[in-house]
Amino acid sequence: MSEDVALGGSTTTERTGTTADRSAVVLIGLLLIAAFVMILNETILSVALPTLMSDLDITAGTAQWLTSGFLLTMATVIPTTGYILQRFTLRSVYITAMSLFAAGTLLAALAPGFEVLLTARVVQASGTALMVPLLMTTILNVIPEHSRGRTMGLVAIVISVAPAVGPTTSGLILQSLSWRAMFWIVLPIAVGALVLGGLFVRNVTKPRPSHLDFISVPLSALGFGGIVYGLSSIGESAGGHAPVPPWVPLVVGVIALALFVVRQLKLAGRDRALLDLRTFAVGPFRLAIMMMAGFMLTLFGALIILPLYLQNVLGKDVLTTGLVLLPGGLVMGLLAPFVGALFDKFGARPLVLPGTVAVSAGTWLLTTLDANSSLWMVIAAHVVLSTGIAFGLTPLMTSALGSLAPELYSHGSATVSTIQQVAGAAGTALFITLMTRGTESAIADGSDPVQAGADGVHTAFLVAGCLSIVLIVAAVLVRGPKQATMAGGAPDEHSPGSVETEETADHQPKGV
């Protein structure tokens with residue numbers, strides 16, 4: 001592969017030879033496999049939460065930190081990846097990411113208690129945080145614009161299907177093995193990906209000097225961390241286990257995040273921003289990011305609530321729980337490449353609007369679940385929800401990144417990944433909070449624990465259903481392509497997949 005290929009805004013050579021094309025396919029294929037295995041671990045513990053609560057003697061609010069902590073760590077580390085991808089080579093970033101993930105997996109398998117297990121999840125997440133923006137930025141630089149939809153469809157499998165099949169994977173493992181086996185099984189895969197990367201990943205990037213602002217890093221951590229921790233504390237406080245009042249971390253998080261934004265805007269003029277927020281000056285990017293956040297919040301919230309509902313309310317075992325959630329994950333996996341191809345041909349709007357309607361329909365179906373619901377009802381509602389996410393996520397992600405100038409690719413990738421993880425962590429925390437509050441309220445009113453659990457689940461999905469209405473309104477604002485694709489399939493100046501708001505493409509910034 002040509003050494004002219006670069007990340008973080010450097011030029012990309014024109015690919016016409018089969019050797020270069022094959023190298024790009026091998027490179028992206030390896031990155032996709034590694035990212036899939038790593039992101040699978042975001043939700044692999046969701047089905048195991050009841051088991052972990054019993055074995056480690058912790059509450060649901062505490063146990064959910066094994067998922068929220070993973071997502072939160074990613075949201076804290078990912079903003080630094082804009083700098084990392086500019087400063088270091090692809091090979092060094094890949095090896096670092098896989099080494100961290102493998103080390104965290106080993107520590108998790110050996111963890112004697114909750115504190116060490118949570119630490120291991122943080123180490124795992126630190127590696128995963130590097131891999132996702134690396135994958136997206138590589139695609140933006142080595143894949144031609146007119147065929148990015150297909151490739152981004154594969155990325156959608158990684159960021160949405162991997163978390164969706166996590167509960168199924170853990171259910172199959174927990175049926176006959178302990179929760180530690182989930183990490184022992186993943187460990188050789190992680191080590192294998194590390195070895196393959198050392199053998200086959202080569203430096204195809206041109207690092208350039210880049211400034212790391214040491215004030216922005218703690219501001220980012222306090223901002224994103226404070227908000228998500230505050231949301232999580234609300235759930236813990238319902239059971240009387242919150243160490244600090246929830247409003248304290250929420251206020252700290254909001255203030256720190258505001259200071260972070262102000263500092264990034266100031267540093268952007270000198271090309272020194274940790275996370276260049278000038279990406280938000282592009283209207284299509286703003287709209288797509290907002291909708292993606294809603295999708296990820298709903299997805300991760302459902303993935304944390306449904307296993308608890310199936311086991312604690314319907315009384316199903318871990319294997320049944322995993323199998324019930326499998327069809328939805330398979331639907332997202334099968335549809336993602338198909339949706340990517342449709343995006344390349346028709347653009348975003350014909351896919352995003354019906355996808356958002358399906359997400360809303362699936363969410364409202366989930367509000368009907370009670371203590372006597374059938375498994376087929378759960379499967380049907382989850383499949384409808386998953387179908388909607390499959391039709392919306394790929395077009396939104398591709399449109400958001402494709403609307404940026406090449407100079408902003410690495411920062412755009414970091415921003416997309418950050419928003420996804422914060423939304424996922426917030427969804428996990430918010431749904432647990434709503435479920436806990438609803439359950440406690442029902443018990444106070446005299447309901448038995450099973451019915452109270454069902455009421456708590458209903459409360460969580462009711463709020464999510466209201467959120468889905470907002471997403472439909474936002475989807476209506478998505479405009480079709482400004483111009484059709486030119487003959488021969490090559491895109492014109494405005495890609496057929498761009499998301500255009502009332503703010504026309506003529507007024508969008510074209511670069512830094």
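This is a short talk about how the helices of one protein pack together and where a few of its residues sit.

Thank you all for coming. Before anything else, please keep in mind that what we have on the screen is a predicted model, and that the values I quote are computed from it.

Let me begin with the overall picture. The protein contains 17 helices and zero strands, and of its 512 residues, 59% are buried. If we take the contacts with a separation of 6 or more, 81% of them are between residues 24 or more positions apart.

Now to the interior. The largest nonpolar core has 156 residues, and the members that touch the most other members are Leu52, Tyr94, Met98, Leu117, Met131 and Val155. Which helix gives the most to this core? The answer is helix 12, covering residues 283–313, which supplies 21 residues. To look at one core member more carefully, take methionine 98: if we do not count residues up to four places away in sequence, methionine 98 touches Ala34, Met38, Met131, Ala190, Ala193 and Leu194. Met131, one of those partners, is also on the list of residues that touch the most other core members.

Let us turn to a pair of helices. Helix 4, residues 65–77, packs against helix 7, residues 114–142, at an angle of about 40°, and the two axes are 8 Å apart. An angle under 35 degrees would count as roughly parallel, and helix 4 and helix 7 are therefore described as oblique to each other. Helix 4 passes helix 7 in a right-handed crossing. On the side of helix 4, the residues that take part include Trp65, Phe70, Thr73 and Val77, and on the side of helix 7 they include Phe114, Leu117, Arg121 and Val132. Sorted by class, this contact has 12 nonpolar, five polar and one charged residues.

One residue of this contact deserves a pause, namely threonine 73, which is found in helix 4. Is threonine 73 buried or exposed? Its relative accessible area is 11%, and because buried means under 20%, threonine 73 counts as buried. Leaving aside neighbours within four places in sequence, threonine 73 is in contact with Val122, Ala125 and Ser126, and those three residues are listed on the helix 7 side of the contact.

A second pair, helix 13 (residues 318–346) and helix 15 (residues 375–402), has axes that come within 8 Å and cross at roughly 30°. That angle makes helix 13 roughly parallel to helix 15, and their crossing is right-handed. The residues of this contact divide into 17 nonpolar, 10 polar and no charged.

Finally, I would like to visit two loops. Isoleucine 143 sits in the loop between helix 7 and helix 8, and with a relative accessible area of 16%, isoleucine 143 is buried. The C-alpha atoms of isoleucine 143 and valine 25 are separated by 9.4 Å, although these residues are 118 residues apart along the chain. Leaving aside neighbours within four places in sequence, isoleucine 143 is in contact with Ile28, Arg148 and Thr151.

Aspartate 57, in turn, lies in the loop between helix 2 and helix 3, and at 69% relative accessibility, aspartate 57 counts as exposed. Its phi is near 55°, a positive value in a residue other than glycine.

That is what I wanted to show; I am happy to take questions.

Technical notes. Residues numbered from 1 in each chain as written. Predicted model: local features only at pLDDT ≥ 70, side-chain atom pairs only at ≥ 80, totals over all residues. Heavy atoms only, no water. Axes fitted to C-alpha atoms, helices over the stretch in contact; angles between N-to-C directions. Helix = DSSP H or I, 4+ residues; strand = E, 2+ residues; numbered from the N terminus. Parallel < 35°, antiparallel > 145°, perpendicular 65-115°, else oblique. Left-handed = near helix turned anticlockwise from the far one by under 90°. Contact = heavy atoms within 4.5 Å. Nonpolar A, V, L, I, M, F, W, Y, C, P; charged D, E, K, R; others polar. Buried < 20%, exposed > 50% of the residue type's maximum accessible area, 1.4 Å probe, protein only. Core = buried A, V, L, I, M, F, W, Y, C linked by side-chain atoms within 4.5 Å.
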